[in-house]
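Student: I have this structure open and would like to go through it in order. Please begin with the vocabulary.

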Amino acid sequence: MDGLKVEKVNIEIKNESILKDISFYLQPGTITALIGHNGAGKSTIMKTLIGLQEKTSGTISLNGDSQDDHFLSFKQKLAYIPEEPFLLPELTTMQHFQLYGKSYQIDERDLKEKVDYYIHELEIGDKLHEFPESLSKGMRQKVQTICALLPEVPLLLIDEPFMGLDVYAADFLQQQMAAKAEQGMAILLTSHLLDRLQDTADQYLMLQQGKVVDQGEMGSFHELKRRFAE
Ligand SMILES: Nc1ncnc2c1ncn2[C@@H]1O[C@H](COP(=O)(O)OP(=O)(O)OP(=O)(O)O)[C@@H](O)[C@H]1O
């Protein structure tokens, strides 16, 4: 089945239950907001999906590939923007893009076109040969964002996409998400900026203390906002 299927996932860290029986399905072409207070488990879900956090039990599959049985092809089908930029200190901005191009087997001409487009739109064309340490936090976030936008994969995961980006870059990322979803990508994002989420996502999953306590269409947002504030 196409899309991301998460079934009965449990995570324990140091004998403490962090995620409890998490199940959800992300349909291709949809944008889903993962909502919850600090410590609800949002980043842990993201880390589990990319394989950085081991599951205690449960199954995860993407377009039919099980994370446990076909990890490499599973991983090739997703791109991830972490909450804190994670760049390699020894690589320049351009070398990061080339690394992603190689990892996701992006055709060279296609990669160049995409890089030219994104560096122009995100105004980092003059930073191509800089190393991460000489970039501002927002610029590092832009480099990380471009890396994740380069591959055409079935799933894009974004942890706090708008943090650290200026308003133009955040608007651009929002437009890119809509365009990618239109082409069939499933997108899962977390954000504390509920108004941004209202404009970006089609549906939401609400987490409380490691459990999915509600899910639905973003249309019922006013009710969601009222409950979220409780
Ligand atoms: N490596 C770890 N060791 C121990 N506890 C952890 C670890 N990682 C996460 N936790 C705990 O798991 C819970 C969920 O954390 P997580 O970072 O997933 O929350 P979050 O919803 O992303 O929060 P925030 O909105 O603050 O980013 C928290 O109680 C946190 O303390």
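Tutor: Two strands are said to pair if DSSP finds at least two bridges between them. The strands themselves (E, at least two residues) and the helices (H or I, at least four) are DSSP runs, numbered from the N terminus. This is a predicted model, in which local features need pLDDT of at least 70 and side-chain atom pairs count only at pLDDT 80 or more, while totals for chains, interfaces and linings use all residues. Residues are numbered from 1 along each chain as its sequence is written.

Student: Fine. How many bridges join S1 to S2?

Tutor: Strand S1 (residues 4–13) is joined to S2 by 7 bridges, and the two run antiparallel. Glu12 stands opposite Ser17 in S2, and Ile13 has Glu16 as its bridge partner there.

Student: What does Lys14 do in the hairpin of S1 and S2?

Tutor: Lys14 takes a positive phi near 50 degrees in that hairpin, which has 2 residues between the strands.

Student: And what is the strand order in the open sheet of 4 strands?

Tutor: The order is S2-S1-S4-S5, with antiparallel pairing. Strand S2 (16–26) and strand S5 (65–66) are at the edges with a single partner strand each, so one side of each lacks a neighbour in the sheet.

Student: Next topic, the ligand. Which residues surround it?

Tutor: A residue counts as near the ligand if its C-beta atom, placed from the backbone, lies within 6 Å of it. The surrounding residues are Ile13, Lys14, Ile18, Gly36, Asn38, Gly39, Ala40, Gly41, Lys42, Ser43 and Thr44. Ile13 and Lys14 thus also belong to this shell.

Student: Which element gives the most to that shell?

Tutor: Helix H1 (residues 42–50) does, with 3 residues.

Student: How do the shell residues divide by type?

Tutor: There are 3 nonpolar, 6 polar and 2 charged residues in the shell. In this count Ala, Val, Leu, Ile, Met, Phe, Trp, Tyr, Cys and Pro are nonpolar, Asp, Glu, Lys and Arg are charged, and the others, Gly among them, are polar.

Student: What strand order does the sheet of 6 strands have?

Tutor: The order in this open sheet is S6-S7-S8-S3-S9-S10, and the pairing is mixed. Strand S6 (78–81) and strand S10 (211–217) stand at its edges, each with a single partner strand, so one side of each has no neighbour in the sheet. On average, neighbouring strands are turned by 15 degrees against each other, direction ignored. Axes here are lines fitted to C-alpha atoms, for helices over the stretch in contact, and angles run from 0 to 180 degrees between N-to-C directions.

Student: Which strands of that sheet does H1 lie across?

Tutor: H1 lies across S3, S6, strand S7 (155–159), S8 and strand S9 (203–208), at about 145 degrees to S7. H5 packs on the sheet too, touching S6 and S7, and its direction makes about 170 degrees with that of S6. Contact means that the C-beta atoms of two residues, placed from the backbone, lie within 7 Å.

Student: Why is S7 described as largely enclosed?

Tutor: 5 of the 5 residues of S7 are buried, so the rest of the structure largely encloses it. Buried means that 20 or more other C-beta atoms lie within 10 Å of a residue's own; 12 or fewer makes it exposed, anything in between partly exposed, with C-beta atoms placed from the backbone. Leu155, Leu157 and Asp159 are on one side of S7, Leu156 and Ile158 on the other.

Student: What are the partners of S7?

Tutor: S7 pairs in the parallel sense with S6 over 4 bridges, and Tyr80 stands opposite Leu157. S7 also pairs in the parallel sense with S8, over 5 bridges, where Asp159 stands opposite Thr190.

Student: Last one: which residues touch the most other members of the largest nonpolar core?

Tutor: Among its 56 residues, they are Leu34, Ile146, Leu155, Leu156, Leu157 and Ile187. Helix H5 (residues 137–149) provides the largest share of this core, 6 residues. Such a core is a set of buried Ala, Val, Leu, Ile, Met, Phe, Trp, Tyr and Cys residues joined through C-beta atoms within 7 Å. Leu156 touches Ala79, Ala148, Lys180, Met185 and Ile187, leaving out residues up to four places away in sequence.
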